[in-house]
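Thanks for making the time this morning. I would like to walk you through one structure, going from a helix pair to the sheets and then to a few backbone details.

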Amino acid sequence: MSLEEYKGVFIFAQQVDNELSGIALELLGKAKDLAKDLDEKKVTAVLIGDKVGNLVDTLAEYGADRVIVVDDPELKDYRTEPYTHALASVIDEFKPEILLVGATAIGRDLGPRVSSRVHTGLTADCTQLDIGDFPLVAVPGQEQKHKQLLMTRPAFGGNTIATIACPDFRPQMATVRPGVMQKITPVKGAKAEVVEFNPGFKENACYTKILEIVKAVSEVEDIQEAKILVSGGRGVGSAENFKILDDLAKVLHGTVSCSRAVVDSGWKPKDLQVGQTGKTVRPKVYFAIGISGAIQHVAGMEESDLIIAINKDENAPIFDVADYGVVGDLNKIVPALTKKLEAALAEK
Ligand SMILES: Cc1cc2nc3c(=O)[nH]c(=O)nc-3n(C[C@H](O)[C@H](O)[C@H](O)COP(=O)(O)OP(=O)(O)OC[C@H]3O[C@@H](n4cnc5c(N)ncnc54)[C@H](O)[C@@H]3O)c2cc1C
């Protein structure tokens with residue numbers, strides 16, 4: 001493999017039912033930063049599906065300079081084999097230096113398959129991506145390579161943070177969970193160069209047949225979309241006592257979320273869990289109520305604009321990331337705060 005042949009930052013632009021997934025736009029935002037650090041002029045989105053050309057302009061508005069479109073009836077719904085063939089063929093043909101994929105159900109299936117097929121490495125669930133030297137600190141007798149993709153992610157059950165590189169193979173591949181990277185402000189009317197590419201699809205024994213698609217209907221709100229999150233932990237004490245958080249959320253037009261301890265106790269559904277094994281959130285205001293601030297929880301909420309912690313233990317680690325902290329019993333503080341806010345908002 002001649003590494004020099006591989007150029008440019010590519011993202012897999014996931015779409016489902018002809019609708020772009022938010023992660024595609026988030027990856028474009030990060031890809032732009034990486035391309036700048038590599039002195040690359042173009043960011044490329046790879047769009048795979050059936051009759052998906054109408055999505056090109058949105059990708060352009062969110063930062064794609066070029067869109068490679070693989071359009072074929074075989075690609076109507078996601079299936080491992082034809083999508084792997086499509087993306088691996090794009091890599092063989094266009095030779096990207098970096099390829100980012102969303103750590104969604106689709107991306108987690110597709111990314112490793114593709115990396116194995118093109119014989120390169122993949123770092124899953126990255127929380128940070130940078131361009132830099134590898135090894136990070138020069139080691140005598142070992143070549144230090146420059147302008148490598150440095151992929152950072154929690155390791156050993158979240159007890160440490162590892163930075164991983166792929167210096168000997170290309171493309172350098174990473175998956176990133178939704179909510180971790182930020183979209184750019186869209187540039188209305190931006191246009192991208194469009195390249196149509198179809199490697200041809202020959203059905204083989206690995207092709208699955210979809211008999212029926214049954215969509216899960218979520219009964220809970222999407223906490224990643226919420227502007228205000230009122231998040232509760234084990235300190236709330238019971239499922240019933242979440243009522244005081246519901247009341248606060250109602251006054252603020254916010255949404256209730258929770259820590260993993262709450263999900264494990266069966267008080268709230270997993271869809272509301274914030275953290276490393278839950279969702280990554282970035283609201284304008286995040287209330288952490290009766291949450292200790294374990295590293296795995298903080299990993300999912302530390303990028304919130306404003307963090308307000310309520311905890312009876314003044315040494316709780318949540319106060320290290322909080323902008324405002326209230327030390328005391330949440331059973332007294334939360335209802336009092338709700339009442340004050342209600343009164344203040346009624347005056348307006
Ligand atoms: C691989 C792995 C992945 C994980 N992923 C996640 C994840 O995605 N999300 C996540 O949240 N956790 C995750 N965890 C678990 C994490 O390590 C913690 O165990 C969990 O976050 C603790 O939840 P908690 O803060 O609600 O509970 P606790 O740690 O028990 O904290 C309860 C807090 O409530 C306070 N409190 C109690 N009563 C009151 C009161 N009356 N008034 C005010 N404060 C009070 C206490 O002082 C304490 O600080 C993961 C762990 C592992 C090993």
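**A helix pair, two sheets and some unusual backbone**

Let me begin with helices α5 and α9, whose crossing is left-handed. Please keep in mind throughout that this is a predicted model. The general way to describe two packed helices is by the angle between their axes and the distance between those axes. Here the axes of α5 and α9, the latter spanning residues 330-347, come within 9 Å and cross at roughly 20°, and since angles under 35 degrees count as roughly parallel, the two helices are therefore roughly parallel to each other. On the α5 side, the residues that meet α9 are Ile 244, Asp 247, Leu 248, Val 251 and Leu 252, while the α9 side includes Leu 330, Val 334, Pro 335, Leu 341 and Leu 345. By class, this contact of α5 with α9 has 10 nonpolar, 2 polar and 2 charged residues.

Helix α5, which covers residues 243-252, also leads us to a sheet, as it lies across β13, β14 and β15 and runs at about 175° to β13. That sheet is open and has 5 strands, which follow the order β14-β13-β15-β16-β17 with parallel pairing. At its edges stand β14, residues 255-258, and β17, residues 324-327, and because each of them has a single partner strand, one side of each is left without a neighbour in the sheet. If we ignore direction, neighbouring strands here are turned by 20° against each other on average.

Now, which strands does β15 pair with, and over how many bridges? On one side, 5 bridges join β13 to β15, the two running parallel, and within this pairing Tyr 286 of β15 is the bridge partner of Leu 229. With β16, residues 306-311, strand β15 again pairs in the parallel sense over 5 bridges; here Phe 287 has Ile 308 as its bridge partner, and Ala 288 is partnered by Ala 309.

As for burial, 5 of the 5 residues of β15 are buried, so this strand is largely enclosed by the rest of the structure. In a regular strand, the side chains alternate between the two faces of the sheet. In β15 both faces are covered, with Val 285, Phe 287 and Ile 289 buried on one side, and Tyr 286 and Ala 288 buried on the other.

Let me turn to the other sheet, which is also open and consists of 7 strands in the order β7-β11-β6-β1-β4-β5-β12, with parallel pairing. Its edge strands are β7 and β12, and as each has a single partner strand, one side of each is left without a neighbour in the sheet. The twist from one strand to the next averages 25°. At the β12 end, β5, residues 66-71, pairs with β12 in the parallel sense over 4 bridges, and Ile 68 has Val 195 as its bridge partner in β12. Helix α1, residues 22-37, packs on this sheet, where it touches β1, β4, β6 and β11, and its direction makes about 170° with that of β1.

Is Gln 172, which is found in strand β11, buried or exposed? Its relative accessible area is 0%, so Gln 172 is buried. Setting aside neighbours within four places in sequence, Gln 172 is in contact with Glu 97, Ile 98, Leu 99, Gln 148, Leu 149 and Cys 166.

Finally, some backbone details. As a rule, most residues other than glycine have a negative phi, and most peptide bonds are trans. In this model, a cis peptide bond joins Arg 170 and Pro 171, with omega about -5°, and Pro 171 lies in the loop between β10 and β11. Another cis peptide bond, again with omega about -5°, joins Phe 134 and Pro 135, and Pro 135 is found in the loop between β8 and β9.

Then there are the positive phi values. Asp 17, in the loop between β2 and β3, has a phi of about 55° although it is not a glycine, and at 48% relative accessibility Asp 17 counts as partly exposed. His 119, whose place is in the loop between α4 and β7, has a phi near 60°, and at 55% relative accessibility His 119 counts as exposed.

Notes:
Residues are numbered from 1 along each chain as its sequence is written. This is a predicted model: local features need pLDDT of at least 70, side-chain atom pairs count only at pLDDT 80 or more; totals for chains, interfaces and linings use all residues. Side-chain values use heavy atoms; hydrogens and water are left out. Two strands pair if DSSP finds at least two bridges between them. Axes are lines fitted to C-alpha atoms, for helices over the stretch in contact, and angles run from 0 to 180 degrees between N-to-C directions. Contact means heavy atoms within 4.5 Å. Buried means under 20% relative accessible area, exposed over 50%, partly exposed in between (1.4 Å probe, protein chains only). Angles under 35 degrees count as roughly parallel, over 145 as roughly antiparallel, 65 to 115 as roughly perpendicular and the rest as oblique. A crossing is left-handed if the near helix is turned anticlockwise from the far one by less than a right angle, and right-handed if clockwise. Ala, Val, Leu, Ile, Met, Phe, Trp, Tyr, Cys and Pro count as nonpolar, Asp, Glu, Lys and Arg as charged, and the others, Gly among them, as polar.
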